[in-house]
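Notebook open, structure loaded. I want to go through the fold, a few helix pairs and whatever empty space sits inside.

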Amino acid sequence: ITWLGVNEAFSKDEISNEFKSVLGAYIENLSLCVKSGECAGADRSLEQISSYQRSTLGSLAPSEAKVELEVLYNQMEIFKFLIYFYMILALASLALGFYRIFFGRKFRFERALSLAFFTAFAVHALNLALRAYISGHAPWSDAYESLVYISLISVLAGVLFFKHQSFALGAASLFASVSLLVAHLNFINPQITNLVPVLKSFWLSVHVSVITASYGFLGFGFVLGLVGLILMALKNDKNEQKLSEQIRYLAATDELSLIIGLSLLTIGNFLGGVWANESWGRYWGWDSKETWALVSILVYAAVLHMRFIPKLNNQYAFAVASFFAYWSIIMTYFGVNFYLSGMHSYAAGEPAP
C-alpha cells in the first residue's frame, strides 16, 4: 500500500477519474469554507474521501479513534504552547539566579518554578508519546520530530542536573524553547507522515534516538557555557567569591553534560554504521552526515581533553570551548540536513531554505 498526497493522486492512473473529481470538489469546497465559512460541502467531500479510504484499505485504514486523537493532537498545539512556556520559565529562572547571587535573597516561588519545570517536561514527553502512537513509529523520523525530541532531551538534562539550581533550570528551558521555535519555522513541516522505506527499520528507534539525544545534552552544555561566560564578565572584587563558586558549579555541570553527550554521540555513530551496513552494504562511506558526525566527535573530544594542556586548564577556556563547539553540531544537523546533499539530507541538494 502506498499513501499518496493530493497532488500525487491527480497524476496517478490507478486512481479513478470519479475519485479524482471528489478530490477536486473537496479542494474547491475547502477554499469556499475558508473564505465564507460555509463548510457543509467540504464536510461531505471529506466524508466521501474517508469512505473511499476505508473501503480500499480495510483494516489498514486508521481507526476512527486514532483519527479523532490526531485531530485533538493538532487542535491542542501543545508544542507551540511549550515554546512560550519554556521561554518564560527560562527568563524567570535566570533572573532569579542572578538576583540570588547579587542580592543574596531567595523567593518563595522557587518551588513553583521547579514544579512548573517538571510539569512541562512531563507534558512534553506525553505529547511526543502521543505523536508516536498516532504515527505508528518512533517520533524522531524527520526534522520537526527530531527537533522536538532534542528539546525534550535538553529538558531531561536539566532534570538530571537541576538540584534546585536556577541557572541549570534556565539553561535547559532556554535551549528547549529555542529548539521548539526552530521546529515551527516555515521551512520545517510539522505534519505526521508515513516513513520512507529506508527508515522502516528497528535501527530508527536505536541509532537516531541515541545520536539526537546527544544533541540535547551538548546543547544544554552550550547554554551553560554561555551563562558561565556572562557570570565571568560580571565578576568584580565585591562578588568574586560568590560568582567563582557559581562558575565552578556551572563548569562541573557543563563538563558532565558534555561527557554524556559525547558518549551518546559516539555510540550513536557506531550504531549508525551497523544500520548503514544493513541498508547499503557498507559501514562507512564518508557521506556528509557521517563525516560531520565524526568531526563533532573529534571537536568534543578535544574540548573534554583540554584540561591536560596546562594553559587551557581553566574555566574560562572550557566555557568558551563548550560554547563554540556546538556550532559543529549545528553544522552536522542543519548544514548537512538542509544545505548539503547526501543519503542523510532532508533537502538532498534542493535549493536551501
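Before I start, a note to self on handedness: I call a crossing left-handed if the near helix is turned anticlockwise from the far one by less than a right angle, and right-handed if clockwise. I also keep in mind that this is a predicted model.

**Overall fold**

I looked up the secondary structure and got 12 helices and zero strands for the protein chain. Reading along the sequence, I just wrote α-α-α-α-α-α-α-α-α-α-α-α. For the extent, I noted that the C-alpha trace spans about 80 × 50 × 35 Å along its principal axes.

**Helix 8 on helix 9**

Which hand does the crossing of helix 8 and helix 9 have? It came out right-handed. I then looked up the geometry: helix 8, residues 166–183, packs on helix 9 at an angle of about 125 degrees, and their axes are 9 Å apart. That angle makes helix 8 oblique to helix 9, because only angles over 145 degrees would count as roughly antiparallel.

Next I listed who touches whom. From helix 8 I have Phe167, Ala168, Ala171, Ala172, Leu174 and Phe175, which meet Tyr215, Gly219, Phe220, Phe222, Val223, Leu224, Val227 and Leu231 in helix 9. Sorted by class, this contact has 13 nonpolar residues, one polar and no charged.

**Helix 5 on helix 6**

I moved on to helix 5 (residues 78–103) and helix 6 (residues 110–135), and found an angle of about 155 degrees with the axes 11 Å apart. I therefore logged helix 5 and helix 6 as roughly antiparallel. The crossing of helix 5 with helix 6 is left-handed.

On the helix 5 side, the contact residues include Phe79, Leu82, Phe85, Tyr86 and Arg100. On the helix 6 side, I picked out Glu110, Leu113, Phe117, Phe121 and His124 among them. The class count for the contact of helix 5 with helix 6 is 15 nonpolar, three polar and two charged residues.

**Helix 10 on helix 11**

What angle do helix 10 and helix 11 pack at? I read about 155 degrees, with the axes 10 Å apart; helix 11 covers residues 288–304. Helix 10 and helix 11 are therefore roughly antiparallel to each other, and helix 10 passes helix 11 in a left-handed crossing.

The helix 10 residues I noted include Glu255, Leu258, Ile259, Leu262 and Asn269, and their partners in helix 11 include Glu290, Leu294, Ile297, Tyr300 and Leu304. By class, I get 12 nonpolar, three polar and two charged residues for the contact of helix 10 with helix 11.

**Empty space inside**

How many cavities of 30 Å³ or more does the structure hold? I found one. About 60 Å³ of space lies in the largest cavity.

I wrote down its lining in full: Leu224, Gly225, Gly228, Met232, Ile247, Leu250, Ala251, Asp254, Gln315, Phe318 and Ala319. Helix 9 (202–233), helix 10 (240–280) and helix 12 (315–339) each supply at least two residues of that lining. I split the lining of the largest cavity into seven nonpolar, three polar and one charged residue.

One link back: Leu224 lines the largest cavity and is also listed among the helix 9 residues that meet helix 8.

Definitions and conventions. Residues numbered from 1 in each chain as written. Predicted model: local features only at pLDDT ≥ 70, side-chain atom pairs only at ≥ 80, totals over all residues. Heavy atoms only, no water. 1 Å grid on protein atoms, 1.4 Å probe; cavity = no way out; pocket = protein on both sides within 12 Å on 5 of 7 lines; lining within 4 Å. Points joined across faces, edges and corners; volume = space filled by probe spheres on them. Helix = DSSP H or I, 4+ residues; strand = E, 2+ residues; numbered from the N terminus. Nonpolar A, V, L, I, M, F, W, Y, C, P; charged D, E, K, R; others polar. Axes fitted to C-alpha atoms, helices over the stretch in contact; angles between N-to-C directions. Parallel < 35°, antiparallel > 145°, perpendicular 65-115°, else oblique. Contact = heavy atoms within 4.5 Å.
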